Amino acid sequence: MSFTFPFSAIVGQDEMKLAILIAAVDPGVGGVLVFGDRGTGKSTAVRALAALLPKMRAIDGCRYGCDPAGGGTACDQCPTLKGHGKAKSHWVSVPVVDMPLGATEDRVVGALDLERALSQGVKAFEPGLLARANRGFLYIDEVNLLEDHLVDLLIDVAASGENVVEREGLSVRHPARFVLVGSGNPEEGELRPQLLDRFGLSVEVRTPTDIATRVEVVRRRDAYERDPAAFIDHWHAEDERIRRRIVAARKRLADVQVPDVALERAAQLCMKLGTDGLRGELTLMRAARSLAAIDGDAVVGDAQLRRIAAPALRHRLRRNPLDDAGSTVRVERALAELFPA
Amino acid sequence: MDLPAEAAVWADATLAAAIFAVDPVGVGGVGVRASAGPVRDQWLALLQQMVVGKPWRRLPLNIRDERLIGGLDLGATLQAGRPVAQRGLMAETDGGVLVAAMAERVTPEVAARLAAVLDRGEAVVERDGITQRHAARLGLVALDEGIGDDEKLPAALQERLAMLLDLQSVTPAEAFEDQAQIPDLAREVAQARALLPQVTMPEPVLQALCVAGVALGASSLRLALLAVRVARIHAALGGRDSADADDAAVAVRLVLLPRATQMPVVESEEPPSPPPDEPPPSEPPPDEPPKDLDDAEPQLPEGALDDLVLQAALASLPPGLLASLQARQARADRSRSSGRSGAARKSGQRGRPAGVRRGEPRGGERLNVIDTLRAAAPWQRLRGRVLDAVSPRRIEVRADDFHVTRYRQKRETTTIFVVDASGSSAMNRLAEAKGAVELLLADCYVRRDKVAVLGFRGRGAELLLPPTRSLVRAKRSLSGLPGGGGTPLAAAIDAAGALADAVARRGDTPLVVLLTDGRANVALDGSGGRAQAEADVQAAAMRFRQGHVATLLIDTSPRPQAQAAGLAQALQARYLPLPQAGAASMSAAVQAATARR
């Protein structure tokens, strides 16, 4: 039996937690990138998410966990499984798939089932990690150490939401819609801009230096290690509260209004910062809407934009090596100019 | 206990071994800096006797993923005619100790895999058509044979090892002296293991450990947590069911002090004032914190324990260490971790794997057995293989099943900037060089090249930025560089030559960019005088030429000088007068030089 440190028991790191919640409410925001110091609970937070997410329904027998309500694209099996009437379905946990270091391409995209091929001579497709992550989260720790050919592959699938396998005489395509979550330490190397751009939100985490916070972190971690079951039990109610917030926010999401004024403001901000392409504006809007849904606000306004601008835009700024200010500072500067308090 | 410094080091090493042996998983591991030899062997033997009955495995430096993490067992697979998985080394070590030799040379990739297992206690395999997870709760002993500050354990690994030992000063005689105690120690370890779950951690002790981490500049929260565990184990070893200031002081000494990057501000009666330029004196440091600690504890006012713990730990420092701390901080500000992304690849496997293609292995290409088998597998029936179990099963592989692994052969370029930081215009030149470095790095994204910076001023040259492709590191290293002083050009040329050589040995292509006006006035031995300095430069240039390194000399003087042009000739460098070398023009010139080759 393995335990997971409860999400609600993570001390501080509010921006990271918020970004993860936003993506959980609206997967359309795109992935979350968590970059920063070692030992700040990056992996802990992502793994805690798995225990937190409300369950979802999946069609019985579908290898890709397709949605009986037909959300997103269905795989090619599902029409057969559905037959004429309604497909049978069951509750499953939302997958949070860990991509282990050293994973090989065949296990990521899926490949010929070697066992069956060798023993029975049957040509069958064995789905990989991308299939398992469908409708959920794909987590890559040390994302900057990922091998280049895997990065290329992920970029493609993350963009299209579909995994196309053409190998060993197999020709398979299946849905692979997932929220890409990456974490890493910038000192190990930078991410390629193309991959950077795939992440909707980018969060910077720092080691807290204030003693009270540090003591609290160590105390909770210590308590967890001493008696994980009791600790999880203690935080159960708090985790449950966050789960309900996610469920409620998802229901509200469609009703949140995005007035033209807000769109204009977002566009101004992106112009000011000179972000490349439209992805910045789109993410900014979606994230702001998701944030409004979480907070129970009916309309997106400056308040949401201001809170979410840094994570939504800081990794899209064109590098200006001669400007010493970090990208966060640049976003904040633009905010201060455009959105005077 | 009044022990000479070296004996105290060995006593601590013994204590660390015992602490690790009590709970290898909780402690994560021990980093042992020592050259191979009797002292290190003795320490390992000591540890081994305390963890008798647990798995004990060695991790070879060049291990491949299928052995480290697990994967397809090819021999068994071919024999059985179906995929057979093998557990990796980490899973085999479950519940025991993994000893990594020459851990300072471990690649970032292997370090990350080890770190993942230390964090999660299980090895997850998603390889070669195999999906498995195995328990792999282990403690790591990282043997570090590095010399100097450049060679050290990868930061990702170092952070997960609770204790770092330096046995370089221990003589074999000391290490073999107290062998008689080992059975006692082993017994204590066994008792402590039983007691450990009951040991409580009082709030003030926990807080003292957190404060100490910040005060010493070892601020990672992981370290604070490891210190808590070490303190608890130390209490268990002492037979106490609650950790106290004593235990905390030991934890600070073993866990936090070796990574200290700053001197804590402690109001002590006798402030440490180490002689700055002397070798460590052999003055005996007290090995134990003051005895009256325990008695004083109950009446302590809020926060006093924090100081006590720190002081006790500091008192046990060998005095020489204090002097080196300041120097270490200066370096730490610039390069906080080894962060060696893209270090040397495994030999025999040049470049990055760039996929697999069908084809026969020719011209040094390597057969990819897994994919070859995979290609052959579906056709076995058609090829008339008998599927019943009577005859030994064979897989029929034909030539058109062959797959080879492709590697990207492109060599990376490491551009080494050698920046003259002497004299009045130093600040400008440094700023320009910095700008050019950052522009290049931004561009290196696409090409994955690296950049290094050497600065020279005053008496010698200094490596300001080791080869890196991390913009974050470059920014940190290059911010706040001092300028002014003489021009030790000869030393700079020698340093550049040495670094270029190191880069070339790593399999990369060096490109040296020297920014100077060519007017040397400091000789190799650090003395002034133009004549000697010039002679040294000529000699250094001759040495440099032997390396056949592509070089670009950028003349930064306001008016192009014959001197710099002459130097360029001596170095067989391209000469480029750039009186107003802006960052952009400089990076353009360097890129042109790169493209030319």
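**Close-up views of chains A and B**

**View 1. The overall form of chain A in a predicted model.** Chain A has 341 residues and a radius of gyration of 21 Å, which agrees with the value near 20 Å for a compact globule; the radius is taken over C-alpha atoms, and the globule rule is 2.2 Å times the number of residues to the power 0.38. This is a predicted model, in which local features need pLDDT of at least 70, side-chain atom pairs count only at pLDDT 80 or more, and totals for chains, interfaces and linings use all residues. Residues are numbered from 1 along each chain as its sequence is written, while chains are lettered from A and ligands numbered from 1 in the order in which they are written. Chain A contains 14 helices and 11 strands (DSSP runs, H or I of at least four residues and E of at least two, numbered from the N terminus).

**View 2. The contact between chains A and B.** Chain B contributes 58 residues and chain A 51 residues (contact: C-beta atoms, placed from the backbone, within 7 Å). On the side of chain B that touches chain A, the largest share, 6 residues, comes from α7(B).

**View 3. An open sheet in chain B.** Its 6 strands follow the order β15-β14-β13-β16-β17-β18, with mixed pairing (strands pair if DSSP finds at least two bridges between them). The edge strands are β15 (460–468) and β18 (574–577) of chain B. Strand β14 (residues 450–457) of chain B pairs with β15(B) in the antiparallel sense over 6 bridges, and B:Val451 stands opposite B:Thr468 in β15(B).

Conventions
Two residues are in contact if their C-beta atoms, placed from the backbone, lie within 7 Å.
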